[in-house]
Amino acid sequence: RLVGWRVEGGLPPTDKFVVIAAPHTSNWDLPFMLGVALHFRVKLHWMGKNTLFKPPFGWFMRWLGGISIDRSKASNTVEQMVDIFNAADSLAVAIPPEGTRAKARYWKTGFYNIAHGASVPIALGFLDYERKVGGIGKTIVTSGDYNADIELIKAFYAGVTGKFKDQYSDRDSMVSD
């Protein structure tokens, strides 16, 4: 509210869920996303590239809820996150499906595979810079049919504008080949 933003929506009725963090086009997304989480009084975790967790600020990033991910090599990130969800009593993890702030040709499917593998819902988190609104829209329970489920998700994000509009993937690029 201090910078003119408002919050919409509400948390899913469960203690464990994946939050889509979209669109992800700016470093400002993290502080605004954490502000939305503070509004909802939820400890939001997020995955970030491992270089964010090096000294001198690594401790601070972990304190903010960061989970270090090494993007320089293929790894079993989905399986690791499923195990983390299964071991937790409560956990909310924000995942930007683009995987980067730059324009992505396709959304990565990790957010979906983590939620489906851990049997947790996907909350449609958003930051709409045009309207200065952040929040959580509806919640999706995965069916196992990625293409069918992504159509519901695409419809929700159709009207959401990132800070840098030209860096956000359009609706049709959300489904990978």
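How many salt bridges does the count come to in this structure? The count comes to 4 salt bridges, and this tour of the predicted model visits several of them before turning to helix H4 and the nonpolar cores.

Begin by selecting Arg6, Glu8, Asp128 and Arg131, which are linked in a network of salt bridges. Within this group, arginine 131 pairs with glutamate 8, their closest N and O atoms lying 3.5 Å apart; the pair joins distant parts of the chain, since arginine 131 sits in the loop between E6 and E7 while glutamate 8 belongs to strand E1 (residues 6-9), 123 residues away. Arginine 131 also forms a salt bridge with aspartate 128, here with closest N and O atoms 3.1 Å apart. If you colour by accessibility, arginine 131 is partly exposed at 40% relative accessible area and glutamate 8 is partly exposed at 27%, whereas aspartate 128 is buried at 2%.

Next, move to helix H5 and select glutamate 151 and lysine 154, whose side chains meet in a salt bridge of 3.0 Å, N to O. These two are 3 residues apart in H5, which means that about one helical turn separates them. Glutamate 151 counts as partly exposed at 41% relative accessibility, while lysine 154 is buried at 6%.

Stay in H5, which spans residues 146-157, and select aspartate 149. This residue is buried but has no salt bridge, and the nearest side chain of opposite charge, that of lysine 138, is 11 Å away. Show instead the backbone nitrogen of serine 143, which lies 2.8 Å from a polar atom of the aspartate 149 side chain. Beyond its neighbours within four places in sequence, aspartate 149 is in contact with Tyr112, Thr142, Ser143 and Gly144.

Tyr112 leads to helix H4 (residues 110-118), where Phe111, Tyr112, Ile114, Ala115 and Ala118 are buried. They cover an arc of only 165° around the axis, so they lie on the same side of H4. Among the elements covering these buried residues are strand E2 (16-22), helix H3 (77-87) and H5. Just after H4, look at serine 119, whose phi is positive, near 55°.

Finally, display the largest nonpolar core, which has 30 residues, those with the most contacts inside it being Ile20, Phe85, Phe111, Ile153 and Tyr157. The largest share of this core, 5 residues, comes from H4. A second, separate core of 20 residues includes Ala21, Trp46, Met61 and Leu64.

Terms used
Residues numbered from 1 in each chain as written. Predicted model: local features only at pLDDT ≥ 70, side-chain atom pairs only at ≥ 80, totals over all residues. Heavy atoms only, no water. Helix = DSSP H or I, 4+ residues; strand = E, 2+ residues; numbered from the N terminus. Buried < 20%, exposed > 50% of the residue type's maximum accessible area, 1.4 Å probe, protein only. Lys, Arg positive; Asp, Glu negative; His and termini not counted. Polar contact = N/O pair within 3.5 Å; in protein donor to acceptor, adjacent residues only side chain to side chain. Contact = heavy atoms within 4.5 Å. Arc of directions from axis to C-beta. Core = buried A, V, L, I, M, F, W, Y, C linked by side-chain atoms within 4.5 Å.
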